[in-house]
Amino acid sequence: MKRDYLMGKFGGLSQAWERLLRSREAWLVLLLAVLVIGTASANTRFLGSQNIKDLMLNVSLIALLAIGQSIPIIMRQIDLSVGSIVGITAFLSGLIFFDHPNTPNLLVFLVGTGVGVLLGAINAALIIWGRVPSLIATLGTLYIYRGADYAWVHGRQINAANVPASFLALGNIGFLGLPLLMWIVLLFLVLAAVVLRQLPMGRECYAIGSNPTAAVLAGINVHRRVCMGFLFSGGIAGLTGVLWLARFGTVDATAGLGIEFQVVTAAVVGGVAITGGSGTVGGAALGALLLGVFNSALVVLRVPPFWQQAFQGTMLLVAISVDAYLAHRLAIRLRIKRSHL
Amino acid sequence: MNSSTRLQLAQGGPSDAGKQGRRLARAVGWELILGILLLAAIVAGQILSPDFLTTANWTNLLANFVEIALLALPLTLIVITKEIDLSVASILGLSSSLLGFLWQARWPMPLVLPTCLAAGALAGLLNGFLIVQFRLPSLAVTIGTLTLFRGFSFVLLGDRAIADFPPEYSNLGFGTIGFLPIPFIFFLILAIVTAIVVHATPFGRTLFAIGGNQTAAQFSGVRTQRTKLILFAVSGIVSALAGIVFTFRFMSSRADNGTGFELSALAAVFLGGVSVVGGKGTVFGTFLSLLLIAVINNALTLVDVSNEILTIVTGSLLISSIVLPNLLSQVRERFRPRHSAETSAPVAQSVPQNPS
């Protein structure tokens, strides 16, 4: 009797332990800790307040985009057009300030996000009504949005002098020790995480990603969910464009150029499987953080910056290989369990 | 099978003729539309600018599209098997950087060029190995190697540019025979070989089998994994060749050579009618779509539309290449019930309108 009780207790403990071991987020945090401690012990400048602040600001933009990207990827879709949307809304926000310097900041945020949602709606319409696979649809709009951006901007540039100081301060002013920019990212992170984890809407996203046919048979409105995913991803990209201006101050037609693969890499390193159906937005944000910290560590350790991309690519390959290995082992274990029943 | 249908045709069964015709229309359909679009683009180009139909301009036009065209050839085969290779442009960059790096290290050129091709083959084999051995999704793997190979280029060259190549090799980049650029002749030969391999050999048939249903192909004795490994290795070699051509055409080796070309090549493949869900497509379709994109870009450049804005055209073509056939089939679906009642009547009249 007592033995069973103890077994149960330890079983529960080991179960919790195992869940922690299997959680991608825990491993990412561990890896981050090792990386930070290792780099800081080699060079204390790594933990200097200015370095940390720069790191956080750079990571936030990619992390925000990775959060937005996770939702389509979880549904076995992909949104390659985010970089081009960032380019459009970054310049648009700058232009609003250029023409009407007294525009309230909030209005610029609303307009930027709104334009992002609108561009996301075009993606969604192509994917759902045009029945274009999302890879092709967003590859096409990546070109079209960026081309439209170039045609519209026509070589102009917005400088920090044209942008009100109160807006630029978003990237500098701290609130409880963190820049405001980071709080915005955290807000969306929590929002997306709660929706994905707690609401039926979020659970349906995972169902669609694991098995689209089964999701349809289960009565899930797949079209509506996919549509919302691309509206969300577009809106987040629009918002990131506005924040891009706040962060950098100087903006031309090339803002966010080629950033899409970096964003997908961050999400996949964070455990959002490209085949859909698994992953969390928290993981995606941690993935972005890991890539950012890694790049920053390379700089501090005086590794030539040219190594950054090679490491980033290796990290993605290692991440998906480990995932595949774990999935393989899990499959074997499940098969053994089933055969013992 | 071909001879049996021909036999039935000879016997004059009207429904068989209809079936054959429909199959022909389905096979030729998209290529026909691309061909008409291409002709229209050429006519429009001539109207827009009197310089368009000159041999000098066509030399320029063909030379400009040759690297992306080279990348698109093996990519067509890979997409037919329902995989994807996004790392092609990075392999191009890697081969270009390696070329410059080794040349600066005073390697003799006859040794440098095979080394570049071998590096491309290795890069392709790495892609193939990860995809075949670990069963990883090719989209994720090649996004990773896209970054990795580009990273290798930067490790090799940093931000230097190497330009002191011997002039006798410039022919590889911009020499001409008649008005045809030499690299374009390379491409043409490769395209013909690829078309024969894909459409007239057992190996080619297995590509469609894998793309249509990989499990079924495996059970029919197709060595799917080996085939994929070969395809990715070939893609690496051809991408490296494109890198060599690119380097000699601009006489410059830089780590960022060809950045973003993977998307242009992919756009050409999809526009050429190769299906993203696998098992469908022709080399000729890709060839026509490449030419179409090149002609439109060239004609618009002649009337001073900037390169960046031209991407709008590429993007719109890419999307409409899928939306239009889908809309057509939706429209046809709507009229289907009336048709099904008269299936016994000769179907020949429905032959011409069968683009998908």
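Start by selecting helix 8 (residues 180–198) and helix 13 of chain A: the two pack at an angle of about 145°, with their axes 9 Å apart. Keep in mind as you go that this is a predicted model.

Now show the side chains where these helices touch. From helix 8 of chain A, pick Leu189(A), Ala192(A), Ala193(A) and Leu196(A); they meet Val281(A), Gly282(A) and Ala285(A) in helix 13 of chain A. Colour this contact by class and you will find six nonpolar residues, one polar residue and no charged ones.

**Next stop: helix 2 of chain A**

Stay with helix 13 (281–300) of chain A for a moment, since the buried residues of helix 2 of chain A pack against it too. Which residues of helix 2 of chain A are buried? Select Arg24(A), Leu28(A) and Thr39(A). Look down the axis of helix 2 of chain A: its buried residues fall within an arc of 30°, so they line one face of the helix. An α-helix has 3.6 residues a turn, so residues three or four places apart point the same way.

Turn to the face directed away from that buried side of helix 2 of chain A, and you will meet the exposed residues Leu30(A), Ala33(A), Val34(A), Ile37(A) and Ser41(A). If you like a quick check with the distance tool, try the end C-alpha atoms of helix 2 (residues 24–42) of chain A: they are 27 Å apart, which agrees with the 27 Å that its 19 residues should span at 1.5 Å a residue.

**On to helix 4 of chain A and the loop before it**

Helix 4 of chain A is mostly covered, with 13 of its 18 residues buried. Its end C-alpha atoms are 26 Å apart, in agreement with the 26 Å expected for residues 82–99 at 1.5 Å a residue.

Then select Arg76(A), in the loop between helix 3 (49–74) and helix 4 of chain A. Its phi is near 65°, a positive value in a residue other than glycine. Is Arg76(A) buried or partly exposed? Arg76(A) counts as partly exposed because it has 19 C-beta neighbours inside 10 Å, and a buried residue needs 20 or more.

**Across to chain B**

Show both chains: the contact takes 38 residues from chain A and 39 residues from chain B. On the chain A side, helix 6 (134–153), helix 12 (260–269) and helix 14 (308–340) each give two or more residues. Helix 6 of chain A supplies the largest share, 13 residues. By class, the chain A side has 24 nonpolar, 12 polar and two charged residues.

Finish at Met251(B), in the loop between helix 12 (224–250) and strand 4 (253–254) of chain B. Met251(B) has a positive phi of about 50° although it is not a glycine. With 15 C-beta neighbours inside 10 Å, Met251(B) counts as partly exposed.

Conventions. Residues numbered from 1 in each chain as written. Chains lettered and ligands numbered in written order. Predicted model: local features only at pLDDT ≥ 70, side-chain atom pairs only at ≥ 80, totals over all residues. Helix = DSSP H or I, 4+ residues; strand = E, 2+ residues; numbered from the N terminus. Expected span 1.5 Å × (residues − 1). Buried ≥ 20, exposed ≤ 12 C-beta atoms within 10 Å, placed from the backbone. Arc of directions from axis to C-beta. Contact = placed C-beta atoms within 7 Å. Nonpolar A, V, L, I, M, F, W, Y, C, P; charged D, E, K, R; others polar. Axes fitted to C-alpha atoms, helices over the stretch in contact; angles between N-to-C directions.
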